[in-house]
Amino acid sequence: MRITLTRPDDWHLHLRDGAMLRAVLPHSARQFARAIVMPNLRPPVTTVAAAADYRARILAALPDGARFEPLMTLYLTDDTSAGEIRRAAGSGFVKAVKLYPAGATTNSAAGVTDLAQCGAALAEMEKTGMPLLVHGEVTDPAVDLFDRERVFIETVLRPLLERHPGLRVVFEHITTQEAAEFVASAGDDVGATITAHHLLYNRNAIFAGGVRPHYYCLPVLKRERHRAALLRAATSGNPRFFLGTDSAPHARRAKEAACGCAGCFTALSALESYAEAFEQAGALDRLEAFASFNGADFYRLPRNEGSVTLEKETWTLPESVPCADGGELAPLRAGEPVPWKFLG
Ligand code: NCD
Ligand code: ZN
């Protein structure tokens, strides 16, 4: 069996920089025409000038002949000015601004400590239609790790949208039934990305027979009822849910450590994993809209030309991918079979 889709895009991707960028970029560029590139580098991408430089480094790292368009984002801080948002909106290549609550996830230390500080920048985003991409977790250590997304909706996101009713928001990598319901009941200006791993796995995967660091990401995998709700949302046909892999590579030694980094490296089998999840839901016919139309429509960008084909054929993911700095990256499900194969 084969399925053919309009060439898809990845609306949430970590490409990193330097040797890591060169190691991971070809995998995403093989499958996706464009990607929204996360700005959580060290130091973070907080200005249009830094985004232009990063974009140039990504284009320079592309394999010969690859066609791939990086869609850039700015990292929101307490100090982001309305002027920087105006320049971003005028740049043509910055497509969104990312909110990391300070301390919520990898490289978020410079993130927002108090959204009330960001009023001028958010008002400018409302005016220009620049989407705010939200890492939706509270950072209060008193809140249980598995509740941080649910609590964020009521204490941060809903009040934010009340203060800024014209703001366009993408609730990134949603992981709970509550987030799926919030997005479904919100207006046309609120969308959400969903990762393949949150469609395929629940939190048992992190602890299957021992601790499995490669399944640790943020927001963390949740219980089965949430996975089922995300799969229903992704396959519902609602155009405000779309594909965002959140492929987030970390060197193996940084994952398999006493304090392992959050992030799953999924770019090697991204589209295949979504096909697997949609097939399980009996909804392969809904994959194309989720992967290739909904995100472009939300971002008000043209849909891609051309197509890609997947075949129902089992192949085995490699144990690792070399990274030029002498390290290696382990993909999620390393050495395991994948039932769909990307043909190009
Ligand atoms: C991401 C990373 O490693 O940059 N990690 C993750 O677990 N998803 C950051 C993020 O998207 O939260
Ligand atoms: Zn991410």
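## A tour of the salt bridges

The structure, a predicted model, holds 16 salt bridges, and the stops below visit some of them in turn. Side chains of opposite charge can pair when their charged atoms come close.

Begin by selecting glutamate 311 together with arginine 2, which form a salt bridge whose closest N and O atoms are 3.5 Å apart. Colouring by secondary structure helps here, because glutamate 311 belongs to strand 10 (residues 307-311) and arginine 2 to strand 1 (residues 2-6), so that the pair ties together parts lying 309 residues apart in sequence. If you then display the surface at arginine 2, you will find this residue exposed, with a relative accessible area of 55%.

Next, select helix 5 (residues 148-163), where arginine 158 and glutamate 154 sit four residues apart, about one turn of the helix. These two side chains form a salt bridge in which the closest N and O atoms are 2.9 Å apart. Arginine 158 is partly exposed, at a relative accessible area of 35%, and glutamate 154 is likewise partly exposed, at 46%.

Salt bridges with shared partners also join Arg86, Glu124 and Lys127 into one network, which makes a natural last selection. Within this group, lysine 127 forms a salt bridge with glutamate 124, the closest N and O atoms being 3.6 Å apart, and both residues lie in helix 4 (residues 119-128), separated by three residues, about one turn of the helix. Is each partner buried or exposed? Lysine 127 is exposed, with a relative accessible area of 67%, whereas glutamate 124 is buried, with a relative accessible area of 7%.

Definitions and conventions. Residues are numbered from 1 along each chain as its sequence is written. Chains are lettered from A and ligands numbered from 1 in the order in which they are written. This is a predicted model: local features need pLDDT of at least 70, side-chain atom pairs count only at pLDDT 80 or more; totals for chains, interfaces and linings use all residues. Side-chain values use heavy atoms; hydrogens and water are left out. A salt bridge is a side-chain nitrogen of Lys or Arg within 4 Å of a carboxyl oxygen of Asp or Glu. Helices (H or I, at least four residues) and strands (E, at least two) are DSSP runs, numbered from the N terminus. Buried means under 20% relative accessible area, exposed over 50%, partly exposed in between (1.4 Å probe, protein chains only).
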